[in-house]
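This report examines one helix, its packing and the surroundings of a ligand. Please consult the sequence and the structure shown below while reading.

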Amino acid sequence: MRAIVSLLISLSFLGLSCRRATRVAAVVKPPRPSAYELQLGKDVYQRYCVGCHGDTGAGDGFNSFSLDPHPRDLGDPAFQKSKSNVDLSDAIRRGGAGVGLTSLMPPWGHTIDDRHINAVVLYIRSLRR
Ligand code: HEC
């Protein structure tokens, strides 16, 4: 009886530690974005963002020269490192004015749904140099 109880206890500990291990792994290493989501993000970017942010995210779209301040370089590794995906999607959704930047960055929350905003964030990540 004792042996069975201790076996059950150790099995449940094993179960707990396995579950914890997968949860930690999921936090540390997010799944790679699928090619489909990335393409979706690129489509959104090309339609709504490229005019100001430019093809490579460098901030040199055809409309950027009339903007003061210019859009920053989205591919800059230091910029990429300083922002979480939530920071980026928040700025996209609420616009510059919504997050304390310039109102020249429009808010997109009423134009682009959450799935497409998440996809464009993935695409911005792929612009990192
Ligand atoms: C009318 C021009 C314009 C368009 C169109 C535009 N942006 Fe911006 N964006 C800006 C400007 C200007 C800034 C502010 C630059 C700064 O403060 O560094 C900015 C800033 C940003 C930032 C940086 C926020 C930060 O934390 O510094 C992100 C991310 C961004 N835009 C994404 C997008 C995406 C995605 C789209 C398309 C859905 C888009 N922008 C469309 C002009 C534009």
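Helix H5 covers residues 114-126, which makes 13 residues; at 1.5 Å a residue it should span 18 Å, and because its end C-alpha atoms are 19 Å apart, the expectation and the model agree. The model is a predicted one.

**Packing of helix H5**

Several residues of H5 are buried, namely His-116, Asn-118, Ala-119, Val-120, Val-121, Tyr-123 and Ile-124. The cover over these buried residues includes H2 and H4.

The axes of H2 and H5 come within 7 Å of each other and cross at roughly 95°. An angle from 65 to 115 degrees counts as roughly perpendicular, and H2 and H5 are therefore roughly perpendicular to each other. On the H2 side of the contact are Glu-37, Leu-38, Leu-40, Gly-41, Lys-42, Val-44 and Tyr-45, which meet His-116, Ala-119, Val-120, Leu-122, Tyr-123 and Ser-126 of H5. The classes of the residues in this contact are 8 nonpolar, 3 polar and 2 charged.

**Surroundings of the ligand**

The ligand has 23 residues around it, of which Cys-49, Cys-52, Arg-72, Ala-91 and Met-105 come nearest. Helix H2 (35-53) supplies at least two residues of this shell, and so does helix H4 (85-98).

The table sets out the two groups of residues by class.

| Group | Nonpolar | Polar | Charged |
|---|---|---|---|
| Shell around the ligand | 15 residues | 5 residues | 3 residues |
| Contact of H2 with H5 | 8 residues | 3 residues | 2 residues |

Helix H2 thus appears in both parts of this report: H2 meets H5, and H2 supplies residues to the shell around the ligand.

Methods
Residues numbered from 1 in each chain as written. Predicted model: local features only at pLDDT ≥ 70, side-chain atom pairs only at ≥ 80, totals over all residues. Near = placed C-beta within 6 Å. Helix = DSSP H or I, 4+ residues; strand = E, 2+ residues; numbered from the N terminus. Nonpolar A, V, L, I, M, F, W, Y, C, P; charged D, E, K, R; others polar. Expected span 1.5 Å × (residues − 1). Buried ≥ 20, exposed ≤ 12 C-beta atoms within 10 Å, placed from the backbone. Contact = placed C-beta atoms within 7 Å. Axes fitted to C-alpha atoms, helices over the stretch in contact; angles between N-to-C directions. Parallel < 35°, antiparallel > 145°, perpendicular 65-115°, else oblique.
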